[in-house]
Amino acid sequence: MSSIRQGDKRFRILRAAVKVFAKNGFHNSRISEIAREAEVASGTIYLYFRNKDDILINVFEESLDDIIRDMEKELGATDDPRLRVKLFIRRHLKLMKEHRELAEVLQVELRQSYKFMKEYEPKHWIKYLNIIARIFKEGQEKGLFREDLSLGVTKRALFGALDEIALHWVLTKKDEKYLDAAAEQLARMVLEGVATRNGSS
């Protein structure tokens, strides 16, 4: 959540919420605990957020904004779609590794919010998925990836694999080497599956 000034109360509340949600779980967390962690009065939180679900959704939006910005910068290092697939996979899992508490909130606690699962319009998530689709479209245009790939299926399949790997890592508390190995194996599987005969890496 680097897009918000470090001293901003809103930033402090969101950062505190990540710590509290990761420690106690979303349903077991209280606004008063978040306020205490953020070193603000409980009433101050309601100046910025409507309720606990609203805090969780804003954690997701602010975090994904930063992830998208970071990912675009990472992918700008090359114009090779094959390398971009590898970079996307590695960077996604590296971000989870670098921010474990946030990973726990995004992978586990976000699913506990009825409001998020049923009512939230995931514009940021769609934007993230479309980065994946763009990589594969570029690969198709360059003759590196199969023309019969459905971009809609492919982007969701890759994100789903990353999501499951990150969730397994969080739940089983495996060490960080698991994510590094998983990134390399997933990249090989994906690239072998989408490559044309001439585009094999």
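A polar contact is a pair of N or O atoms within 3.5 Å. That cut-off will be handy in the views below, which come from a predicted model.

**View 1. Arg84 reaches the backbone of Leu75.** Let us start with a single residue, Arg84, which sits in helix H5. The side chain of Arg84 comes to 3.1 Å from the backbone oxygen of Leu75, so this pair falls within the 3.5 Å limit for a polar contact. Is Arg84 buried or exposed? Arg84 is buried, because its relative accessible area is 15% and the limit for buried is under 20%. Setting aside neighbours within four places in sequence, the contacts of Arg84 are Leu75, Thr78, Asp79, Ile135 and Glu138.

**View 2. Helix H5 and the helices around its buried residues.** Stepping back from Arg84, here is the helix that holds it. At 1.5 Å a residue, the 18 residues of H5 should span 26 Å, and the end C-alpha atoms are 25 Å apart, which agrees. At the start of H5, the backbone nitrogen of Arg82 has a side-chain oxygen of Asp80 within 2.9 Å. The buried residues of H5 include charged ones to look for in the model, among them Arg84, Arg91 and Lys97. Others on the buried list are Pro81, Val85, Leu87, Phe88, Ile89, His92, Leu93, Leu95 and Met96. Which helices do the buried residues of H5 pack against? They pack against H4, helix H6 (100-107), H8, H9 and H10.

**View 3. Helix H8 from end to end.** Helix H8 covers residues 123-141, 19 residues in total. Its first and last C-alpha atoms are 26 Å apart, close to the expected 27 Å. Buried along H8 are His124, Tyr128, Leu129, Ile131, Ile132, Ala133, Ile135, Phe136, Gly139 and Gln140. These buried residues pack against helix H4 (52-75), helix H5 (81-98), helix H9 (151-172) and helix H10 (177-194). After H8 comes Gly143, with a positive phi near 75°.

**View 4. H4 alongside H8.** The axes of H4 and H8 come within 9 Å and cross at roughly 20°. The two helices are therefore roughly parallel to each other, and their crossing is left-handed. Who makes the contact? On the H4 side, look for Phe60, Glu61, Leu64, Asp65, Ile67, Ile68, Met71, Glu72 and Leu75. On the H8 side, the partners are His124, Trp125, Lys127, Tyr128, Ile131, Arg134 and Ile135. Two of these names may be familiar: Leu75 and Ile135 are also in contact with Arg84.

**View 5. H1 across H6.** Helix H1 (residues 9-24) packs on H6 at an angle of about 70°, with the axes 9 Å apart. H1 and H6 are therefore roughly perpendicular to each other, and this crossing is left-handed. H1 brings Val18, Lys19, Phe21 and Ala22 to the contact, while H6 brings Glu101, Leu102, Glu104 and Val105.

**View 6. Ile31 in helix H2.** Our last stop is Ile31, found in helix H2 (residues 31-38). Ile31 counts as buried because its relative accessibility is 14%. Leaving out neighbours within four places in sequence, Ile31 is in contact with Ser42, Ile45, Tyr46, Asn51, Lys52 and Ile55. How far apart are the C-alpha atoms of Ile31 and Val20? They are separated by 9.5 Å, with the two positions eleven residues apart along the chain counted as the step from one to the other.

How values were computed: Residues numbered from 1 in each chain as written. Predicted model: local features only at pLDDT ≥ 70, side-chain atom pairs only at ≥ 80, totals over all residues. Heavy atoms only, no water. Helix = DSSP H or I, 4+ residues; strand = E, 2+ residues; numbered from the N terminus. Expected span 1.5 Å × (residues − 1). Buried < 20%, exposed > 50% of the residue type's maximum accessible area, 1.4 Å probe, protein only. Contact = heavy atoms within 4.5 Å. Polar contact = N/O pair within 3.5 Å; in protein donor to acceptor, adjacent residues only side chain to side chain. Axes fitted to C-alpha atoms, helices over the stretch in contact; angles between N-to-C directions. Parallel < 35°, antiparallel > 145°, perpendicular 65-115°, else oblique. Left-handed = near helix turned anticlockwise from the far one by under 90°.
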